[in-house]
Amino acid sequence: MPPSRTHRITIKDLARGLGMSVATVARAFHPGGAIAAETRALVLRRAEELGYHPNALARGMITRRTRIVGVVVSDLANPFYPAALERLTSRLQGAGYNTMLVMTEPEGAAAASEAAALRLLLSYQPECAIVLATTLSSAASRACREAGTPLLFLNRHPSDPEAAAIVCDNAQGGAALADHLIDRGATRLAFVGGRADASTHAERRAGFLGRCAARGVPPPLEWPGEGVAGAFTYAAGQAAAQALLAGPDRPQAVFCASDILAIGFQEAARGRFGLRVPRDLAIAGFDDIPMAAWPAHDLTTLRQPVEAMLDTALDWIGRLGRGEPLPRPLLRLPGTLVARGSTPALVPAALRDTHPEKETSCSMS
């Protein structure tokens, strides 16, 4: 008699019904298991009829490979991260990994949340932990190393020079956007940043300001100012517009360190100040989230190389699983500048009062 529907089907139930040993049945579920093709087909067919599925956790205890990849995230208010998380999870599942998502408090909050999330994650002995949309403390990174769990930072990287990280070349992207705005006639520029403690903010800001200085334009206005907390959110973009556009010397062009900041800034510029984009004000963002291409925004932006970042992440996870060294601790991949309607047409070089354009390795689309 088959087991009751309220009873969880086990490998012992399956073996008993087939008149086989548990070891024989177990080999049928391993691609390289030593078992006759006819026997394997019989076992798999009967397992499907009974609704039996191998216990991945039990198998992990035997093989010492859990096939679990932990993903550590915090604040997902920036739409770039939910989209990246969806693609990352799909790619991991396609490669045969189980994704375990753990949430921590936003950066700068109490460390207790981070410690609790990591304790939960490490108790499942993941093969790797991917840090996305947050920056772990040095204590958390040390706890992972002591537990034998490799850390891989995606789109963020800590100050630890030994940490493995795959990021967009943020500084190069910021420089490319500075060139783009200056080449369109802007000399009064502004930079709108996110969290000052995020590597994405710091690198995009450095690339943008550095290229503005090299091109000989006045130092851009900045928001948030000294001592003001920033964030990669729509509301922060609106607050930035209120601060930068209310005075008489408003900028001609603004670079926002993320698309969601730029969209908030753009809508406030239109709705509160009646400015026409790009005729009165040029706006550019960073990330190329789906909303950036919506006709209402038509946002010029720097597209992150997400697919290339994920390809590299899967390759590195495979290397870690095989005990191989990573090719480098930090990999920067170039992004692509996507010009849309939120910035004006190119101003001919003869009409610009700036230095000649400098080359960047960012591609243009």
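Select Thr312 in this predicted model. Thr312 sits in helix 12, which covers residues 306-321. Is Thr312 buried or exposed? Its relative accessibility is 16%, so Thr312 counts as buried, the cut-off for buried being under 20%. Now show its contacts: leaving aside residues up to four places away in sequence, Thr312 touches Ile166, Leu331 and Leu333.

**Strand 11 and its sheet**

Move next to strand 11 and display its side chains. They alternate along the strand. Leu331 and Leu333 point to one face and are buried, while Leu330 and Arg332 point to the other face and are not buried.

Add strand 5, residues 164-168, to the selection. Strand 5 and strand 11 run parallel and are joined by 4 bridges. To see one pair, select Cys168 and Leu333: Leu333 in strand 11 is the bridge partner of Cys168.

Now widen the view to the whole sheet. It is an open sheet of 6 strands, paired in parallel, and the order is 2-1-3-4-5-11. Which strands stand at the edges? They are strand 2 (98-103) and strand 11 (330-333); each has a single partner strand, so one side of each is left without a neighbour in the sheet. From one strand to the next, the twist averages 20°.

Within this sheet, select strand 1 (residues 68-73) and strand 3 (residues 128-132). These two run parallel, with 4 bridges between them. Val72 is a residue to pick here, as it stands opposite Val131 in strand 3. Then add helix 5, residues 80-94, which packs on the sheet. Helix 5 touches strand 1, strand 2, strand 3 and strand 4 (151-154), and its direction makes about 160° with that of strand 3.

**A pocket**

Turn to the second largest pocket, which holds about 410 Å³ of space. Select its lining of 23 residues; those closest to the centre are Arg145, Leu151, Glu162, Ala163 and Ala164. Two elements, helix 7 (138-146) and strand 4, give two or more residues to this lining. Which element gives the largest share of the lining? Helix 7 does, with 4 residues.

**The other sheet**

Select strands 6, 7, 8 and 9 next. These 4 strands form an open sheet with parallel pairing, in the order 7-6-8-9. Strand 7 and strand 9 are the edge strands, each pairing on one side only. Here the twist averages 15° from one strand to the next.

Keep strand 8 (residues 253-256) and strand 9 in view. They run parallel, and 3 bridges join them. Val254 stands opposite Ile283 in strand 9. Now show helix 8, residues 170-182: it lies across strand 6 (189-192), strand 8 and strand 9. Helix 8 runs at about 165° to strand 8.

**Glu222**

Go to strand 7, residues 221-223, and select Glu222. At 33% relative accessibility, Glu222 counts as partly exposed, because that value lies between the cut-offs of 20% and 50%. Apart from residues up to four places away in sequence, Glu222 touches Phe191, Arg205, Leu209 and Leu244. With Arg205 there is also a side-chain polar contact of 2.6 Å. For a distance check, pick the C-alpha atoms of Glu222 and Ala240: they are 9.0 Å apart in space, and the residues are 18 apart in sequence.

**Backbone stops**

The last stops concern the backbone. Most peptide bonds are trans, and most residues other than glycine have a negative phi.

Start with Trp223 and Pro224, which are joined by a cis peptide bond with omega of about 5°. Pro224 belongs to the loop between strand 7 and helix 10 (234-245). Another cis peptide bond joins Val277 and Pro278, where omega is about 10°. The loop holding Pro278 runs between helix 11 (259-271) and strand 9 (282-284).

Finish in the loop between strand 9 and strand 10 (301-303), where Asp287 is found. Asp287 is not a glycine, yet its phi is positive, near 130°. With a relative accessibility of 3%, Asp287 counts as buried. Asp298 is also in the loop between strand 9 and strand 10. Its phi is positive too, about 45°, although Asp298 is not a glycine. How accessible is Asp298, and what does it count as? Its relative accessibility is 31%, so Asp298 counts as partly exposed.

Conventions: Residues numbered from 1 in each chain as written. Predicted model: local features only at pLDDT ≥ 70, side-chain atom pairs only at ≥ 80, totals over all residues. Heavy atoms only, no water. Buried < 20%, exposed > 50% of the residue type's maximum accessible area, 1.4 Å probe, protein only. Contact = heavy atoms within 4.5 Å. Polar contact = N/O pair within 3.5 Å; in protein donor to acceptor, adjacent residues only side chain to side chain. Pairing = 2+ DSSP bridges. Axes fitted to C-alpha atoms, helices over the stretch in contact; angles between N-to-C directions. 1 Å grid on protein atoms, 1.4 Å probe; cavity = no way out; pocket = protein on both sides within 12 Å on 5 of 7 lines; lining within 4 Å. Points joined across faces, edges and corners; volume = space filled by probe spheres on them.
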